[in-house]
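This report takes one site in the chain and then one helix. Please keep the model open while reading.

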Amino acid sequence: MSHLIIRNGVIQPPDAATEGLTLWEGRGLLVTPGFWDTHVHFRDPGNPGAETRQTGSLAAAAGGFTHVVTMPNTTPPGDSIAWLQEQLCEDLPVSIHPSACISVGRQGQVVADIETLAKHGASCFTDDGSFVGHDAVMREAMLRAGLVDRPVFDHAVMPSLAKDGVIRACEVATDLQLPIFPAEAEIEAIERDVRLCRETGCTVVIQHISTAGGVDLVRQARAEGLPVYAEASPHHLSLAAEDIPGDDGNWRMNPPLGTHHDCESIRKAVLEGVISLFATDHAPHTFESKAKGFLKAPFGVIGLETAIGVTWKVMVEGEGMSVMDWVSCWTLHPARILRQCLPSLEPGQLADLVVIDPKTPWVVKPETFKSRSRNCPFAGQTLHARAVLTLSKGQVTWRAGNYR
Ligand SMILES: [Zn+2]
């Protein structure tokens, strides 16, 4: 496309009049529909010191996102109409498509009121942060979610195998004598989810996949024709346990970083289309909590403001992924799985888009982020791609300092 005309926030036909409009020179830049993130934690309600819907939305806009799915592991958990209304009601720089809990109180015992929650805006169901351990509970939830045409997203980590593990086996784990989180904790959970998908027919998305064994199971399930999907997070695509620099809580996440072989198999699965979603698992934590070191810090890293740069570096620059496929993993595929209108830049629509500079180098400085938290394992890295302009619902929600 040589030009895009936007008047009063609405995309115009290519031959529309341009008098009175500001001209933005976009040579060498990419324009795509705004990005979708199926997995963010805005810590709202419950932990405003780490993030709020306001600060999280600003971070999303600065990262090129216009649509996010907020996770329900807040305080209180997202298992009620009131919680959904709170997520949906604010005038924010992103569109929030809240998830809701699979089980009442995220306790894994009783299936939440899926039909009512779906009717009040739940885009999908998840107990993220916790695996739904009882097969009967998960089966019932999947049957009911299937009937209201909502996907289930699962934090596929079996607690009986993960135990108190915080890290995969690596040098730092040995040096610091940290409890090991085995790959089997994820693999067995995915095996269970695939089995229940086969029984129920409900779409299931494996959240933040981290192991080669788990990727193989997703590949087999898809070859069988099952509606099994998986999210690849920027950190699991690009970092391995061997890269952990030492006793630094900013490298602790759940599931933990795998081996280089795990990273490679996730990247290969994305290239093959076996994994069709990127998702950040943006998980803000206060500086004080992350400063406790690897053993005591909470799990999670932020990701909204580095997502474009990291996935571009790893997949487009590193693996030769086509730009269209890369964009689709951040736009078309998530919107389709969430049963939302497909993103486009068609005339007549309110502008919902991101302009990306794919070339100019920039250094990751978490202290400059819009997010309230700084727990970022990419600090100091040089990346190329980044969002320079974001429009959501026809309004400019982000403009990089050097792009006026
Ligand atoms: Zn999770």
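Is His155 buried or exposed? The model is predicted. His155 has a relative accessibility of 4%. The cut-off for buried is under 20%, so His155 counts as buried.

**Setting of His155**

His155 sits in a loop, with strand 9 (152-154) on one side and helix 5 (159-162) on the other. Beyond its neighbours within four places in sequence, His155 contacts Asp128, Gly129, Ser130, Phe131, Gln207, His208 and Asn254. With Asp128 there is also a polar contact, side chain to side chain, at 3.1 Å. Glu186 is 31 residues away along the chain from His155, and their C-alpha atoms are 8.8 Å apart.

**The zinc site**

Which protein donors does the zinc ion have? They are Asp128 (OD), His155 (ND1) and His208 (NE2), at 2.0 to 2.2 Å from the ion. The donor residues follow the spacing D-x26-H-x52-H in sequence. Asp128 and His208 link distant parts of the chain, 80 residues apart. Both Asp128 and His208 are buried.

The loops that hold these three residues are set out below.

| Residue | Element before the loop | Element after the loop |
|---|---|---|
| Asp128 | strand 8 (124-125) | helix 4 (135-147) |
| His155 | strand 9 (152-154) | helix 5 (159-162) |
| His208 | strand 10 (204-206) | helix 8 (212-223) |

**Helix 12**

Helix 12 spans residues 307-317 and is mostly covered. Of its eleven residues, nine are buried. Among them are Ala307, Ile308, Trp312 and Met315.

Conventions
Residues are numbered from 1 along each chain as its sequence is written. This is a predicted model: local features need pLDDT of at least 70, side-chain atom pairs count only at pLDDT 80 or more; totals for chains, interfaces and linings use all residues. Side-chain values use heavy atoms; hydrogens and water are left out. Helices (H or I, at least four residues) and strands (E, at least two) are DSSP runs, numbered from the N terminus. Buried means under 20% relative accessible area, exposed over 50%, partly exposed in between (1.4 Å probe, protein chains only). Contact means heavy atoms within 4.5 Å. A polar contact is a pair of N or O atoms within 3.5 Å; within protein, one must be able to donate a hydrogen and the other to accept it, and residues adjacent in sequence count only if both atoms are side-chain atoms. Donors are N, O and S atoms within 2.8 Å of the metal (3.2 Å for Na, K and Ca); water is not among the atoms, so sites may look incomplete.
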